[in-house]
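Welcome, and please open the model in your viewer. We will go from one selection to the next and look at what is there.

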Amino acid sequence: MSAEDLEKYETEMELKLYREYRDVVGLFKYVIETERRFYLTNDYDLQVHSVQGEVFFEVSMADAWVWDMYRPARFVRKVRVLTFKDVNIEELAKSDLELPSDDSGFGN
């Protein structure tokens, strides 16, 4: 396999992963980013630990989706992450593209 073939394969995998992300992001409430992975989840628990002056984070998630193009299955039942690096947790905003409900005057 040439370097060009490998680059084309990785580009196709990233595009496929992005499309999957776009399809599932509306199912989740939170985005959690660690130094190694990016997760979507509806439920998480963040614990901050300090041992001998060193601080580390423990993040537990249930029913999460993980951004990783090398995983055959990106939906995971339980995830536990331990890290000394930053953890970024954001609550996702509802999409502005949602269709109006029937009581909005646009329905029948």
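Start by selecting Leu 46, which is partly exposed because its relative accessible area is 34%. Keep in mind throughout that this is a predicted model. Leu 46 sits in strand 3. Now add Tyr 44, Val 48 and Val 55 to Leu 46, and you have a nonpolar surface patch of about 310 Å². Strand 3, residues 43–51, gives the largest share of this patch, with 3 residues.

Next, zoom out and colour by secondary structure. You should find 1 helix and 6 strands, in the order α-β-β-β-β-β-β along the sequence. Of the 108 residues in the chain, 24% are buried. Among contacts with a separation of 6 or more, 51% join residues 24 or more positions apart.

Now for the rings: the chain has 9 aromatic pairs. Select Phe 56 and Phe 84, whose ring centres are 5.7 Å apart with planes at 55 degrees, so this pair is tilted. Phe 56 belongs to strand 4 and Phe 84 to the loop between strand 5 and strand 6, so the pair ties together parts 28 residues apart in sequence. Phe 84 counts as exposed, because its relative accessibility is 59%.

Move on to Trp 65 and Trp 67, an edge-to-face pair with 6.2 Å from centre to centre and 80 degrees between the planes. Are these two buried or exposed? Trp 65 is buried, at 0% relative accessibility, whereas Trp 67 is partly exposed, at 33%.

Finally, add Tyr 18, Tyr 21 and Phe 38 to Trp 65 and Trp 67: together they form one aromatic cluster.

How values were computed
Residues numbered from 1 in each chain as written. Predicted model: local features only at pLDDT ≥ 70, side-chain atom pairs only at ≥ 80, totals over all residues. Heavy atoms only, no water. Patch = residues over 30% accessible without salt bridge, like charges linked within 9 Å, V, L, I, M, F, W, Y side chains within 5 Å. Areas by Shrake-Rupley, 256 points an atom, 1.4 Å probe, with all protein chains shown as cover. Salt bridge = Lys/Arg side-chain N within 4 Å of Asp/Glu carboxyl O. Helix = DSSP H or I, 4+ residues; strand = E, 2+ residues; numbered from the N terminus. Buried < 20%, exposed > 50% of the residue type's maximum accessible area, 1.4 Å probe, protein only. Contact = heavy atoms within 4.5 Å. Phe/Tyr/Trp six-rings, centres within 6.5 Å; stacked < 30°, edge-to-face > 60°.
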